[in-house]
Amino acid sequence: MDDMLDEGVYDRLRLRQWLAGEAAGFSRRDLLRLTAAAGAGMAGLAATGSPAAAAAGPIVKPLPPEWFTVLGTNAEMRWSALADQDYLVPIDRFFVRNHTSTPIIEPADWRLRVTGAGLRHGPAEFSYDDLRRLPAETITSAVECAGNGRSYFTTQQGQTVSGTAWKLGGIGVARWRGVRLSTVLRHAGLGRNAVDVLPAGLDPSYVTGGVDLGPVRRPLPLRKALHDVLVAYEMNGEPLPSDHGRPVRLIVPHWIGIASIKWLGSLEVSDQPLFSPWNTQFYRLFGAGFPAEGRPFDRQVIKSAFELDPGAEVPAGRTTRLRGRSWSAAGAIRHVDVSTDGGTRWRRARRVGGSEGAAWQRWEIDWKPAAGAHELLARATDVRGNTQPDVAVHNDLGYLFDAVVRHPVVAV
C-alpha cells in the first residue's frame with residue numbers, strides 16, 4: 001500500500017473490499033458477528049496475558065463536581081474549569097472516556113506485542129524500558145471524543161441520537177512524550193506488504209447486548225500509522241496516569257479520540273484491511289443520507305466553546321471579558337466571531353497567546369450586558385476556510401457535531 005494514497009481513495013478501497021465480502025455471502029450482520037467473535041478471542045488473550053488489575057470504579061482519579069460532569073463510565077470536563085488555566089488542560093481536569101473501566105497496570109509488568117503478516121521476521125515484543133530507550137519525541141495534541149457535542153443534536157436541533165450525551169467537554173489538549181509509532185514498527189520489522197495496523201487496549205472487554213466484543217481496538221491505515229502517531233508514556237511532563245492510558249497509549253493527532261487507544265497492549269500489522277466493532281458497528285455515520293453500511297470517518301471537525309457554564313451569571317451593566325477556545329482537525333484557527341445577542345450581530349474576538357501544535361486557539365472579547373437573559377454564540381474559521389455551520393449534519397449515532405452552539409447566560 002502506498003503511504004501517500006489519497007485518504008478518500010483508501011477509504012473507498014476498504015469499503016469495496018468489505019462489500020466484496022457481502023457479495024461472497026457476508027452481510028453486515030455477518031461481519032459484525034465475525035468482529036465480535038474476534039473480540040472474544042482477544043478477550044481470552046487479555047484474560048490470560050494482561051498485567052491489568054481491576055480498579056475500585058470505572059474512573060480512578062477524583063471527579064470534583066466543579067470540574068466534571070459524570071456520564072456513566074465517562075467524565076466530561078466543565079468548561080468553567082479552564083477559566084483560569086493556560087494553554088494545556090491540567091491532568092486533574094482532563095476528561096475521561098472509558099468504554100468499561102480504568103485498569104491498573106504497572107510499567108514493569110507491561111509488554112507491547114507486535115504480530116501479523118505485515119512483519120518481515122515474525123512477532124516482536126517491547127518492554128516499557130525498551131520503549132524508553134528508543135528516540136523520544138514530544139508533541140502537543142488534542143484528544144477529542146467523536147461524540148463531543150452530541151447532546152446538541154437533541155437540545156438544539158430537535159433530533160434523536162444515541163450515545164453518551166456529551167456537551168463540549170469531551171476534549172483535552174496536552175503535551176505528550178513518547179516514541180513515534182513508525183519507529184516502533186520499523187524496530188519490529190515492518191514489511192513492504194503492510195497495509196493496516198490494529199492497536200488493542202488492555203482494558204476490560206466491552207460487552208453490549210450480551211455480546212463480548214473484546215478490548216477496545218480500531219485499525220489505522222499504514223499511511224497514518226507512519227505519519228504522526230505517537231506511542232506515548234508521558235502527559236504534561238508526568239508519567240501517564242491510569243485514567244489516561246498508563247503506562248502506554250497511542251496519540252493520533254487530528255483523528256477521533258477512539259483511535260488514540262489507551263493502555264496499549266498489542267499491535268497487529270496486517271497485509272490486508274482490518275476491521276473491528278469500532279470501525280464497523282460504531283464510529284461510522286448511519287442514517288438518512290448515508291449508505292446502509294454506514295460511512296467511515298476518521299477526522300474530527302471544527303468547534304468553539306466558552307470558558308463558562310451554560311446558564312452562568314455575569315454582572316449586568318459592567319464590562320465582562322468572555323473567554324473561550326476554538327479548534328479544528330483541519331488546521332489552525334484563523335479567526336473567531338462572537339455574538340452576544342443570539343446571532344444578530346457578530347464581532348471579531350481577540351486571539352490570546354499562541355497555538356502550540358495548532359491544537360486549539362484561545363480567544364477573548366469584552367461585553368457590557370444589560371440585565372436579563374442572553375444567548376452567546378462563537379463561530380470559528382480555520383486556515384483551510386472551514387467555518388462552523390448553523391446546523392450540523394444529523395447522523396443516528398450523533399458524531400461530529402460542528403454547528404455553532406447557543407450558550408445561555410444571565411446578567412444580574
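**Aromatic contacts in a predicted model**

I'll start with one contact: the charged end of arginine 379 sits over the ring of tryptophan 346, at 3.9 Å from the ring's centre. Please keep in mind that this is a predicted model.

Now to rings that meet other rings. There are 16 aromatic pairs in the structure. One of them joins phenylalanine 153 and phenylalanine 401. Their centres are 5.0 Å apart and their planes stand at 85°, an edge-to-face arrangement. As for where they sit, phenylalanine 153 is in helix H4, residues 151–155. Phenylalanine 401 is in the loop between strand S26, residues 372–382, and strand S27, residues 407–411. The pair therefore ties together parts that lie 248 residues apart in sequence.

Are these two rings buried or exposed? Phenylalanine 153 has 0% relative accessibility and counts as buried. Phenylalanine 401, at 1%, counts as buried too.

The loop between S26 and S27 also holds tyrosine 399, which pairs with tyrosine 283. Here the ring centres are 5.2 Å apart, and the planes are at 15°. Planes under 30 degrees apart count as stacked, so this pair is stacked. Tyrosine 283 lies in the loop between helix H7, residues 277–280, and strand S17, residues 284–285. This pair ties together parts 116 residues apart in sequence, because its other member is in the loop between S26 and S27. Tyrosine 283 and tyrosine 399 are both buried.

Last, a group of rings. Which residues form one aromatic cluster? They are Phe94, Phe95, Trp166 and Trp176.

How values were computed
Residues are numbered from 1 along each chain as its sequence is written. This is a predicted model: local features need pLDDT of at least 70, side-chain atom pairs count only at pLDDT 80 or more; totals for chains, interfaces and linings use all residues. Side-chain values use heavy atoms; hydrogens and water are left out. Rings of Phe, Tyr and Trp (its six-membered ring) pair if their centres lie within 6.5 Å; planes under 30 degrees apart count as stacked, over 60 as edge-to-face and the rest as tilted. Helices (H or I, at least four residues) and strands (E, at least two) are DSSP runs, numbered from the N terminus. Buried means under 20% relative accessible area, exposed over 50%, partly exposed in between (1.4 Å probe, protein chains only). A charge sits over a ring if NZ of Lys or CZ of Arg is within 6 Å of the ring centre and within 35 degrees of the ring normal.
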